[in-house]
Amino acid sequence: MARKGALGWVLVVLGVALAVVAVLLVVRPDRGLQPWSPDGADPQEYASQLVAETNEARADEGLPALTVSECAVGEADLRAEALVGEELEHAPMTAVLEACPPSTVAAENLSRAAATPHDVADAWLASAGHRANLLDPSLEQVGIGCLLDDGEMLCSQVFLGP
């Protein structure tokens, strides 16, 4: 009897997972997982594509586009550089707020992956905390710093708000 119950739960979980994949394909049907290689990868272009993906996701939710803040880009670059060869771990946002006045709110998403910017944005959207940052209507500016780290693209996405 317990086996039937466990099998039922496995089928429910599998059904939910397939439904999530189907929703992602419906929301963004023109793209699937794409191969990515660090060979010839340009971190600045990668960051620009992440900004575009972020703003596309915000538009899908009826939110205004984020503007690029040079201060946030500089802080994101510093935060990414500090993580080279290290585990991804968020540092306090105090330094960002001090460096980028008059902002009073800041948030961050981190990524290290051998993946396209689209796939990174989709992974952020699939994570509750990252999604909350990406779609927070109080955040108005963004800066993304990326660099290659052992065959993967390491990125810090810094958000600023009033």
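**Group meeting talk: a walk around a four-strand sheet**

Okay, let's start in the middle, with strand 3: of its 9 residues, 7 are buried, so this strand is largely enclosed by the rest of the structure. Before I go on, please keep in mind that this is a predicted model. We'll come back to how confident the predictor is.

So, what does strand 3 belong to? It is part of an open sheet of 4 strands, in the order 1-3-4-2, with mixed pairing. The strands at the edges are strand 1, residues 67-68, and strand 2, residues 105-113, and each of them pairs on one side only.

Let's go through the pairings. Strand 3, residues 141-149, runs parallel to strand 1, and 2 bridges join them. If you want to find those on your screen, T67 stands opposite Q141, and V68 has V142 as its bridge partner. Helix 3, residues 70-82, packs on this sheet and touches strand 1, strand 2, strand 3 and strand 4. The direction of helix 3 makes about 30 degrees with that of strand 3.

On to the next neighbour. Strand 3 and strand 4 pair in the antiparallel sense, over 9 bridges. One place to look is G143, which stands opposite V158 in strand 4. These two strands make a hairpin with 2 residues between them. Now, which residue in that hairpin takes a positive phi? That would be D150, with phi near 55 degrees. Why mention it? Because most residues other than glycine have a negative phi. D150 sits in the loop between strand 3 and strand 4. Is D150 buried or exposed? Its relative accessibility is 76%, and the cut-off for exposed is over 50%, so D150 counts as exposed.

Now strand 2, at the other edge. Strand 2 and strand 4 run antiparallel, joined by 9 bridges. V105, for example, stands opposite G161 in strand 4. You might wonder how many residues of this edge strand are buried. The count is 7 of 9, so strand 2 is largely enclosed by the rest of the structure.

Let me pick one residue there, A106, which is in strand 2. A106 has a relative accessibility of 18%; buried means under 20%, so A106 counts as buried. What does A106 touch, once we leave out residues up to four places away in sequence? The answer is M93, V96, L97, F159 and L160. Take L160: A106 and L160 are 54 residues apart in sequence, yet their C-alpha atoms are 4.6 Å apart in space. That goes along with a figure for the whole chain: among contacts with a separation of 6 or more, 70% are between residues 24 or more positions apart.

Just ahead of strand 2 there's another spot to click on. P101 and P102 are joined by a cis peptide bond, with omega about 5 degrees. P102 lies in the loop between helix 4, residues 94-99, and strand 2.

Right, helices. Helix 2, residues 43-60, lies across strand 1, strand 3 and strand 4, at about 140 degrees to strand 3. How far apart are the end C-alpha atoms of helix 2? They are 26 Å apart, and that agrees with the 26 Å its 18 residues should span at 1.5 Å a residue. Helix 2 has a list of buried residues, including Y46, L50, V51, E53 and R58. Their cover includes strand 1, strand 3 and strand 4, plus helix 5, residues 117-125, and helix 6, residues 128-134.

Stepping back to the whole chain: we have 6 helices and 4 strands, running α-α-β-α-α-β-α-α-β-β from the N terminus. The chain has 162 residues, and 38% of them count as buried. Its accessible surface is about 9,100 Å², with 62% belonging to carbon and sulfur atoms.

Last thing, as promised: confidence. The average pLDDT is 84, and 79% of the residues score at least 70. Where does pLDDT stay under 50? Over residues 1-31, and for that stretch the model has 12 contacts beyond four places in sequence. Where pLDDT is low, the predicted coordinates should not be read in detail. So when you open the model, I'd go to the strand 3 and strand 4 hairpin, with D150 in its loop. Thanks, everyone.

Definitions and conventions. Residues numbered from 1 in each chain as written. Predicted model: local features only at pLDDT ≥ 70, side-chain atom pairs only at ≥ 80, totals over all residues. Heavy atoms only, no water. Buried < 20%, exposed > 50% of the residue type's maximum accessible area, 1.4 Å probe, protein only. Contact = heavy atoms within 4.5 Å. Areas by Shrake-Rupley, 256 points an atom, 1.4 Å probe, with all protein chains shown as cover. Pairing = 2+ DSSP bridges. Axes fitted to C-alpha atoms, helices over the stretch in contact; angles between N-to-C directions. pLDDT = per-residue confidence, 0-100. Expected span 1.5 Å × (residues − 1).
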